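Good morning, and thank you for coming. I would like to use my few minutes to talk about aromatic rings. Please look at the display as we go along.

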Amino acid sequence: LDSSTQTLGSAQVFNGNFYALGHVNFINNLVDDYSYGMNSTGAVPFAQIAVHGLVNYSSRYANNRDDYNKEFLRSIEYGSEPVYMITSESTRKLMLTGINGFSTTFSDWESTMVKDYQRYNQALGDVQDKFIVGHQELAAGVEETIYSNGKQIVVNYNKAPYKLGTVTVPAEDFAVIPGGGSK
C-alpha cells in the first residue's frame, strides 16, 4: 500500500481491515451494520466514529443497496461517501463478468448520482476532515451525529416528521444543523 501511494499518489482498499488505516486514503465498503453495543438493540457506528476525519470511507455500492433510501440515510448518518460501481456497457452485456444482480449502466444512474452527491455535499462536504464526537438515538428511528466543528446531522428513518426544537426533520430524510465551532 505504501508503494502504491508513493507511485500513484494514493491507495484505497475494498473491505480493508484496520491494519491498513495508516497506509490508505480511502476505505471502500466499510462495514456499517455489524457494530452492536452490549446494551444496544441497534447498530452503533464504532468503526466510523474511530476513523472519520482520519481517512475517507464508503459503505456498499449505492447502486447495490437493498433499501435505497434507508441505506442512503444510514450513509449520511455514518458519514460515508456515496460510491457507485458504474460501467459504460449495459449490465446485461456484463452479466458473465461477475457483475451480477445489480444495475451498473451509467446512463441508468446519472441523475440519481448527481442528486445523491449534491445532498451528500450539503450534509457532509465540510466535515470530511472532522471527527465524529457524538452519536445518539434521539427517539425511536431518529439518530443524531455530531462533528467536531459542532455540526449536527439528524436522520429520521420514520414515516412521520420529527421535531427537534425549532428544526423539523422530514419523514425518511435528514436535517443539517450548522455548527458554531469546535466541540
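Tyr-117 counts as partly exposed, because its relative accessibility is 32%, and partly exposed lies between the limits of 20% and 50%. Please keep in mind that this is a predicted model. Is Tyr-84 buried or exposed? Tyr-84 is buried, because its relative accessible area of 9% falls under the 20% limit.

Let us now consider how rings are paired. A pair of aromatic rings is described by the distance of the centres and the angle of the planes. A search of the whole structure finds five aromatic pairs. One of them joins Tyr-84 and Trp-109: the centres are 5.9 Å apart, the planes stand at 50°, and the pair is tilted. This pair connects distant parts of the chain, since Tyr-84 belongs to the loop between helix 3 (68-78) and helix 4 (106-124), whereas Trp-109 belongs to helix 4, 25 residues apart. Tyr-84 and Trp-109 are both buried.

How are the rings of Tyr-84 and Tyr-117 arranged? Their centres are 6.1 Å apart and their planes meet at 50°, so this pair is tilted; a tilted pair has planes neither under 30 degrees nor over 60 degrees apart. Here too, distant parts of the chain are linked: Tyr-84 in the loop between helix 3 and helix 4, and Tyr-117 in helix 4, 33 residues apart.

Finally, the wider group. Through ring pairs, Tyr-68, Tyr-84, Trp-109 and Tyr-117 are linked into a cluster. Over the ring of Tyr-68 sits the charged end of Arg-65, 4.7 Å from the ring centre. Thank you for your attention.

How values were computed
Residues are numbered from 1 along each chain as its sequence is written. This is a predicted model: local features need pLDDT of at least 70, side-chain atom pairs count only at pLDDT 80 or more; totals for chains, interfaces and linings use all residues. Side-chain values use heavy atoms; hydrogens and water are left out. Rings of Phe, Tyr and Trp (its six-membered ring) pair if their centres lie within 6.5 Å; planes under 30 degrees apart count as stacked, over 60 as edge-to-face and the rest as tilted. Helices (H or I, at least four residues) and strands (E, at least two) are DSSP runs, numbered from the N terminus. Buried means under 20% relative accessible area, exposed over 50%, partly exposed in between (1.4 Å probe, protein chains only). A charge sits over a ring if NZ of Lys or CZ of Arg is within 6 Å of the ring centre and within 35 degrees of the ring normal.
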